[in-house]
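Trainee: I should like to learn how to read a structure step by step, from a single residue outwards. May we begin?

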2 protein chains.
Amino acid sequence: MDARPIGVFDSGLGGLTCVKKLMEVLPGEDIIYLGDTGRVPYGGRSRETIIKYARQDIAFLRGFDIKAVVVACGTVSTNGLEEIAGDYPIPVMGVADAAAEAAVSATKNGRIGLIGTKASIRSHAYDEKILARMPNAAIFKAACPLFVPLVEEGRIDPEDPVLNLVAEGYLQELKKENVDTLIMGCTHYPLIARTLSRIMGPEVRLIDPGAVTAERLRRELEAGDALREGGRGSRSYYVTDSAEDFSRTASLFLNSHIEGSVRQITLEGASQ
Amino acid sequence: MDARPIGVFDSGLGGLTCVKKLMEVLPGEDIIYLGDTGRVPYGGRSRETIIKYARQDIAFLRGFDIKAVVVACGTVSTNGLEEIAGDYPIPVMGVADAAAEAAVSATKNGRIGLIGTKASIRSHAYDEKILARMPNAAIFKAACPLFVPLVEEGRIDPEDPVLNLVAEGYLQELKKENVDTLIMGCTHYPLIARTLSRIMGPEVRLIDPGAVTAERLRRELEAGDALREGGRGSRSYYVTDSAEDFSRTASLFLNSHIEGSVRQITLEGASQ
């Protein structure tokens with residue numbers, strides 16, 4: 001057993017959907033979450049900037065003597081994470097890897113859809129991760145830049161007319177291409193999974209990267225005899241802008257009240 | 001005549017709608033624009049953070065020996081600008097001041113509407129600026145957080161069904177309150193002015209803060225004998241993230257091709 005905590009980071013608070021899954025799958029683990037709310041969103045920034053931010057986020061989490069890092073940020077995990085993950089002596093696990101693996105396992109017809117931020121879609125990281133496992137897969141992608149602001153405005157009701165109109169527009173091509181698996185390539189999207197599922201149809205399997213990453217981490221910790229079981233782990237939350245509005249937004253993503261400490265910090269070496 | 005350039009900054013590229021107006025109203029002036037694209041958006045950040053960023057933005061522009069600063073960012077001009085404007089030996093002019101002045105001049109019934117980002121609406125800066133000039137004014141406000149992502153996705157066509165549905169929802173209360181003047185309290189909104197005007201009705205006067213600020217600056221420069229007339233000024237653009245996508249987005253806001261240099265810079269003293 002390894003009692004050290006697990007570090008999780010995201011550009012903002014969306015990564016809390018991943019924390020929610022980690023708490024369900026690994027209830028005994030201590031979790032330290034960093035939301036870089038002072039610089040959110042990373043999607044739309046250059047690859048160079050995204051890598052710089054990711055290094056600063058990991059450096060902060062490593063200050064706590066963690067046993068693993070979960071990169072809950074879809075943008076980071078598809079923009080250069082593979083370049084830097086090997087630089088650390090602990091596992092640095094991006095949600096995109098676990099999601100690609102799960103999509104390849106789930107698809108029957110080899111036609112996989114991917115939705116995400118502009119930066120995630122622009123990068124070919126998901127394509128590479130999927131094709132490495134299934135060379136003949138056909139991948140269809142759609143950037144959905146309005147989903148994040150819609151979720152953050154609380155428009156997650158499956159009956160919301162704006163959400164439905166926007167989602168139908170974004171998913172139209174993916175439906176036509178007859179994908180049977182859809183990767184929700186952004187932390188915010190699990191909150192609108194019911195709407196996505198209704199539009200895509202019941203035969204399309206939705207992949208929640210946070211959920212499959214939690215499962216994968218559990219398997220790795222078990223294999224390395226590092227799993228902390230029994231009891232209930234602690235949760236600590238850190239943000240880089242005001243912690244004031246944190247609880248309200250966080251409970252949207254966690255779908256429950258926040259338990260644990262919330263603190264505002266400044267990232268060392270952060271130069272912009 | 002004062003041949004020094006005018007500095008303009010915004011959190012991102014939306015402030016280019018203000019540059020467009022400055023170029024129309026003050027064609028002979030050199031303009032230096034800073035878009036803090038590496039940290040956009042400021043709206044939603046804490047007041048403390050917004051002030052810190054504004055100081056860094058002004059410090060950068062002052063490196064060029066400018067004769068005035070135009071704060072094109074609605075969030076900055078309603079969150080602490082008055083606290084810091086007096087610290088500089090040159091005029092630092094926020095779009096909110098000129099807009100409040102124009103709204104008070106325009107209204108017949110004293111009922112003024114204001115739309116903007118969450119931070120602009122949450123702050124009472126506009127209220128104070130209006131009430132100082134018209135103590136019996138009635139002010140009605142609506143936060144419109146989806147307008148910026150909609151504009152940035154290029155959904156500015158007056159027929160766009162999503163834009164219309166969202167705008168109708170946001171403006172519903174303001175219409176009921178019978179405002180006769182509406183301040184577009186965010187740089188992006190002039191691009192959807194036709195939609196806003198159609199919903200509000202032809203009797204409601206829309207105030208474009210960039211346009212009225214350009215007029216006000218012209219008057220101040222004239223009064224101080226500092227106006228540079230004749231010929232055509234130069235334009236230089238600086239951004240804090242990749243300059244790569246700049247031209248495409250910029251031409252959306254300027255409604256023309258970019259002329260002048262575009263460079264990526266790092267803000268001195270920027271600590272996050």
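Mentor: Let us start with one residue. In this predicted model, A:Gly113 is found in strand β5 (residues 111-116) of chain A.

Trainee: Is A:Gly113 buried or exposed?

Mentor: The general idea is to count neighbours: a residue is called buried if 20 or more other C-beta atoms lie within 10 Å of its own. A:Gly113 has 29 other C-beta atoms within 10 Å, and is therefore buried.

Trainee: Which residues does A:Gly113 touch, if those up to four places away in sequence are not counted?

Mentor: A:Gly113 touches A:Phe140, A:Leu174, A:Val179, A:Thr181, A:Leu182 and A:Ile183. We can place some of these partners once the sheet has been described.

Trainee: In what order do the strands of that sheet of chain A run, and what is the sense of their pairing?

Mentor: To read a sheet, one lists the strands in spatial order and then notes the sense of each pairing. Here four strands of chain A form an open sheet, ordered β6-β5-β7-β8, with parallel pairing. The edges are taken by β6 (138-143) and β8 (205-207) of chain A. Each of these has a single partner strand, so one side of each is left without a neighbour in the sheet. From one strand to the next, the twist averages 20°.

Trainee: How many bridges join β5(A) and β6(A)?

Mentor: Six bridges join β5(A) and β6(A), in the parallel sense. One may follow the register at A:Ile112, whose bridge partner in β6(A) is A:Ile139.

Trainee: Which strands of the sheet does helix α5 of chain A lie across?

Mentor: For a helix on a sheet, one asks which strands it touches and at what angle it runs. Helix α5 (residues 95-106) of chain A lies across β5, β7 (181-184) and β8 of chain A, and runs at about 165° to β8(A). Helix α9(A) lies across β5, β6 and β7 of chain A, at about 170° to β6(A).

Trainee: What can be said of the sheet in chain B?

Mentor: In chain B, four strands again form an open sheet with parallel pairing, in the order β6-β5-β7-β8. The edge strands are β6 (138-143) and β8 (205-207) of chain B; each has a single partner strand, so one side of each is left without a neighbour in the sheet. The twist averages 20° from one strand to the next. Strand β5 (residues 111-116) of chain B pairs with β6(B) in the parallel sense over six bridges, and B:Phe140 in β6(B) is the bridge partner of B:Gly113. Helix α5 (residues 95-106) of chain B packs on this sheet, where it touches β5, β7 (181-184) and β8 of chain B, with its direction at about 165° to that of β8(B).

Trainee: How far apart in space are A:Gly113 and A:Ile6?

Mentor: The two lie 30 Å apart, C-alpha to C-alpha, with their positions 107 residues apart in sequence. A:Ile6 belongs to another strand, β1(A), from which A:Ile6, A:Val8 and A:Asp10 point one way and A:Gly7 and A:Phe9 the other way, all of them buried. Five of the five residues of strand β1 (residues 6-10) of chain A are buried, so this strand is largely enclosed by the rest of the structure. Five bridges join β1(A) to strand β2 (residues 31-35) of chain A, and the two run parallel. Within that pair, A:Phe9 stands opposite A:Leu34 in β2(A).

Trainee: What does the domain assignment of chain A give?

Mentor: A domain may consist of separate segments, and that is how the assignment treats domain 1 of chain A (6-94 + 211-264), whereas domain 2 is 97-209. Their C-alpha centres lie 21 Å apart. Across the boundary, 20 residues of domain 1 of chain A are in contact with 23 residues of domain 2 of chain A. On the domain 1 side, α1 (16-25), α3 (74-77), β4 (92-94) and α11 (209-223) of chain A each supply at least two residues. The largest share, four residues, comes from α11(A).

Trainee: How many residues of chain A are in contact with chain B?

Mentor: 21 residues of chain A are in contact with 21 residues of chain B. Helix α9 (residues 161-176) of chain A gives the most to the chain A side, with four residues. By class, that side has nine nonpolar, eight polar and four charged residues.

Trainee: What turn and shift lay chain A on chain B?

Mentor: Two copies of a chain are related by a rotation about an axis and a shift along it. Here a turn of 180° and a shift of 0.0 Å along the axis lay chain A on chain B with an RMSD of 0.0 Å. That is the relation of a two-fold axis. Moreover, 100% of the interface residues of chain A are also interface residues in chain B, so the copies meet through the same surface.

Note on methods. Residues numbered from 1 in each chain as written. Chains lettered and ligands numbered in written order. Predicted model: local features only at pLDDT ≥ 70, side-chain atom pairs only at ≥ 80, totals over all residues. Domains from an automatic or database assignment. Contact = placed C-beta atoms within 7 Å. Nonpolar A, V, L, I, M, F, W, Y, C, P; charged D, E, K, R; others polar. Least-squares fit on C-alpha atoms with pLDDT ≥ 70 in both. Pairing = 2+ DSSP bridges. Axes fitted to C-alpha atoms, helices over the stretch in contact; angles between N-to-C directions. Buried ≥ 20, exposed ≤ 12 C-beta atoms within 10 Å, placed from the backbone.
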